[in-house]
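Work through the exercises below with the sequence and the model at hand. Each task is followed by a solution in steps.

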Amino acid sequence: MDQVMDVARFIVNYSIEIRKPVSNLKLQKLLYFVQVTFLGQLGVPCYTEPVVHWRHGPDSITDQELEYYEFQFDLDTMSVTTQRRTYREDIFENYHLNLIRYVVEKYQDVSPWEMVDLTHQEAAWMNTDRNEEITIDMMKKYYH
């Protein structure tokens, strides 16, 4: 399994490469569809972080994520440290990259608001309340 931020970075970068940059809203929807595609195709989640039934975000993403900062909180010293990281695609398995690319390409011409409508028709989405987690088990139930 991968980390959701790494998957998000890949989606952002790949979308820009294919000249179909995504908004925050579309990124959220693509992450949802990547997760359900992994569950449906492989029977395992793509990432471990929870999917939450949230409201949408409006901003466009136009810069590739090539470097980022990782934050860590040290409970012993009660301090935050940051480490600069370089984005690397080689952390993904090739099959995972192909499945993520498939989802991005499938929805590349679908507007963010059309994706909102699509997700709101999904059983897992309809059976949760706002700010409630859509669990892996729920997704497996509806997409397996």
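Helices (at least four residues) and strands (at least two) are DSSP runs, numbered from the N terminus. The model is predicted.

**Exercise 1. Placing Pro21**

Task: State where Pro21 lies and which residues Pro21 touches, not counting residues up to four places away in sequence.

Solution.
Step 1. Find the elements on either side: Pro21 lies in the loop between helix H1 (4–17) and H2.
Step 2. List the partners: Pro21 touches Ser15, Ile16 and Ile61, not counting residues up to four places away in sequence.
Step 3. Take a pair for scale: Pro21 and Thr128 are 107 residues apart along the chain, and their C-alpha atoms are separated by 29 Å.

**Exercise 2. Confidence along the chain**

Task: Find in which element confidence is lowest and in which it is highest.

Solution.
Step 1. Start with the whole chain, where the mean pLDDT is 86 and 93% of residues reach 70 or more.
Step 2. Turn to the elements: the lowest confidence is in strand S1 (residues 51–52), with a mean of 76.
Step 3. The highest is in helix H3 (residues 94–106), at 94.

**Exercise 3. Three residues of helix H2**

Task: Decide whether Lys29, Gln35 and Thr37 are buried or exposed, and list their contacts outside the four nearest places in sequence.

Solution.
Step 1. Recall the cut-off: buried means under 20% relative accessible area, and exposed means over 50%.
Step 2. Lys29 is in helix H2. Its relative accessibility is 6%, so Lys29 counts as buried.
Step 3. Leaving aside neighbours within four places in sequence, Lys29 is in contact with Met115, Val116, Thr119, His120 and Trp125. Between Lys29 and Leu118, 89 residues apart in sequence, the C-alpha to C-alpha distance is 9.1 Å.
Step 4. Gln35 also belongs to helix H2. With a relative accessible area of 0%, Gln35 is buried.
Step 5. Not counting residues up to four places away in sequence, Gln35 touches Pro45, Cys46, Tyr47, Glu49, Ile136 and Met139.
Step 6. Thr37 is found in helix H2 (residues 24–42). Thr37 counts as buried because its relative accessibility is 15%.
Step 7. A polar atom of the Thr37 side chain lies 2.6 Å from the backbone oxygen of Phe33. Apart from neighbours within four places in sequence, Thr37 is in contact with Leu42, Leu99, Tyr102 and Val103.

**Exercise 4. Val51 and its partners**

Task: Work out whether Val51 is buried or exposed, and which residues Val51 is in contact with, leaving aside neighbours within four places in sequence.

Solution.
Step 1. Val51 is found in strand S1.
Step 2. Val51 has 10% relative accessibility and therefore counts as buried.
Step 3. Its contacts, leaving aside neighbours within four places in sequence, are Tyr32, Glu132, Glu133, Ile134 and Met139.
Step 4. Consider one of these partners: Val51 and Glu133 are 82 residues apart in sequence, but 5.6 Å apart in space, C-alpha to C-alpha.

**Exercise 5. Positive phi**

Task: Give the phi of Met78 and of Asn131, and state where each residue lies.

Solution.
Step 1. Begin with the general rule: most residues other than glycine have a negative phi.
Step 2. Met78 is not a glycine, yet its phi is positive, near 55°. Met78 lies in the loop between strand S2 (67–74) and strand S3 (79–86). Its relative accessible area is 57%, so Met78 is exposed.
Step 3. Asn131, also not a glycine, has a positive phi of about 70°. The loop that holds Asn131 runs between helix H5 (123–126) and strand S4 (133–134). Asn131 counts as exposed, at 57% relative accessibility.

**Exercise 6. Empty space**

Task: Describe the lining of the largest cavity and of the second largest pocket.

Solution.
Step 1. The count is 1 cavity of 30 Å³ or more, and the volume of the largest cavity is about 30 Å³.
Step 2. Ser15, Ile18, Lys20, Val22, Lys26, Leu30, Val104, Tyr107 and Gln108 form the lining of the largest cavity. By class, they are 5 nonpolar, 2 polar and 2 charged.
Step 3. The second largest pocket holds about 160 Å³ of space. Its lining consists of Phe33, Val36, Thr37, Gly40, Gln41, Tyr102, Lys106, Tyr107, Glu122 and Tyr143.
Step 4. H2 and H3 are the elements that give two or more residues to this lining, and H2 gives the most, with 5 residues.
Step 5. The lining of the second largest pocket has 5 nonpolar, 3 polar and 2 charged residues.

Notes:
Residues are numbered from 1 along each chain as its sequence is written. This is a predicted model: local features need pLDDT of at least 70, side-chain atom pairs count only at pLDDT 80 or more; totals for chains, interfaces and linings use all residues. Side-chain values use heavy atoms; hydrogens and water are left out. pLDDT is the predictor's confidence in each residue, from 0 to 100. Buried means under 20% relative accessible area, exposed over 50%, partly exposed in between (1.4 Å probe, protein chains only). A polar contact is a pair of N or O atoms within 3.5 Å; within protein, one must be able to donate a hydrogen and the other to accept it, and residues adjacent in sequence count only if both atoms are side-chain atoms. Contact means heavy atoms within 4.5 Å. On a 1 Å grid over the protein atoms alone, a cavity is a set of points where a 1.4 Å probe fits but cannot get out, and a pocket is an open set with protein on both sides within 12 Å along at least five of seven lines; lining residues have an atom within 4 Å of a point. Grid points are joined across faces, edges and corners, and a volume is the space filled by probe spheres set on the points. Ala, Val, Leu, Ile, Met, Phe, Trp, Tyr, Cys and Pro count as nonpolar, Asp, Glu, Lys and Arg as charged, and the others, Gly among them, as polar.
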